[in-house]
Amino acid sequence: MKVTFCCTGTKPEPWLDGLRSALPGAEVSVWEPGAPQADYAVVWAPPQQFMDEQSKLKALFNIGAGVDGLMKLRLPPNAKVVRLDDAGMSVQMAEYVTQAVIRHFRELDGYESDMRQGQWKFRKPHMRADFPVGIMGLGVLGERVAKALSVFEFPVRGWSRSPKQIDGIHTFSGNEGFNDFLHGTRILVNLLPLTPETENIINRSTLQQLLPGAYVINVARGAHLVDEDLIAMIEQGHVAGATLDVFRTEPLPADHPFWKIPQITLTPHTSARTLRDESIAQIAGKVAAMSRGEAVKGMVDPQRGY
């Protein structure tokens, strides 16, 4: 069995050592142009040349949560795309989104600003019932976030493409449920996969349907958000602010207006990082299972894009 590693911007040695240890019978190597054909590939942002040369791959294992970049490439004819089920990402995402929700709800940015100015004063507490949180995308990450927020007794709503039931979460689905979902949401959290259908989904029309004083948390992909529409809605006062971890261009260009808007909190795509050891264990287990002809979780539907 041959496993090739092609992850742009990733130091290969720790991954190679881990994969060799987890798959002692496999030949694991870094891909280089002209390399021999492999059976399985561990990838992140591989070039098209890799796909063209590795035409006999049986499966591609993506080390990030999103596969949108991979699905834009021309893939080997028989290769299955397999995403990570969790690998430690869901708890990180729950941490990140929960702190962003609570920081906004408790006005902690305001308190911090007051204290820096030497002002000791209080703000009127908000009621959780007035801050329903709506989560777009109820996959592994979205469900974990929804359950984490419900612990803090926020009203939690969820929207997904197909119907899904989660205890304690008011769920909506499909185009017919989208507007109803938005109308009862004040804090909007985006955890959708990026597909042609979801690109630009956070636009002026979507934002206008949220409750007044809305807040946006985008931890999925930058292309879900129409930047200009968010800025306009903040300037008009309908949206109070946002926490953004993902952007159309990364790193975020120095001249992007987001940098100068105080109501927007920015982080450098760090809401849920790939944890190497957990990812290696999961990938190795799936490679071994597939080599035995067994089904594995996380298979990507090429038609749906996730």
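**Salt bridges and cores**

Visitor: Is lysine 286 buried or exposed?
Guide: Keep in mind that we're looking at a predicted model. The cut-off for buried is under 20% relative accessible area. Lysine 286 has 8%, so this side chain's residue counts as buried.

Visitor: Which residue meets lysine 286 in a salt bridge?
Guide: Lysine 286 sits in helix H10 (residues 276-291), and its partner is in the loop between strand E5 (80-82) and H4, 201 residues apart. That partner is partly exposed, at 25% relative accessibility. The N to O distance is 3.2 Å, and the residue is aspartate 85.

Visitor: In the salt bridge of aspartate 114 and arginine 123, which residue is buried?
Guide: Their side chains meet at 3.1 Å, N to O. Arginine 123 has 29% relative accessibility, so it counts as partly exposed. At 6%, the buried one is aspartate 114.

Visitor: Which residues form one network through shared salt-bridge partners?
Guide: Start with aspartate 109 and arginine 103, whose side chains meet at 2.6 Å, N to O. Aspartate 109 is partly exposed at 38%, and so is arginine 103 at 27%. Bridges that share partners give one network of Arg103, Asp109, Glu112 and Arg116.

Visitor: Where does the largest nonpolar core lie?
Guide: This core has 50 residues, and Val97, Ile135, Leu149 and Ile283 have the most contacts inside it. Helix H4 (residues 89-105) gives the largest share, seven residues. Both domain 1 (2-87 + 274-292) and domain 2 (89-266) contribute, so the core lies between them.

How values were computed. Residues are numbered from 1 along each chain as its sequence is written. This is a predicted model: local features need pLDDT of at least 70, side-chain atom pairs count only at pLDDT 80 or more; totals for chains, interfaces and linings use all residues. Side-chain values use heavy atoms; hydrogens and water are left out. A nonpolar core is a set of buried Ala, Val, Leu, Ile, Met, Phe, Trp, Tyr and Cys residues joined through side-chain atoms within 4.5 Å. Buried means under 20% relative accessible area, exposed over 50%, partly exposed in between (1.4 Å probe, protein chains only). Helices (H or I, at least four residues) and strands (E, at least two) are DSSP runs, numbered from the N terminus. Domain bounds come from an automatic or database domain assignment. A salt bridge is a side-chain nitrogen of Lys or Arg within 4 Å of a carboxyl oxygen of Asp or Glu.
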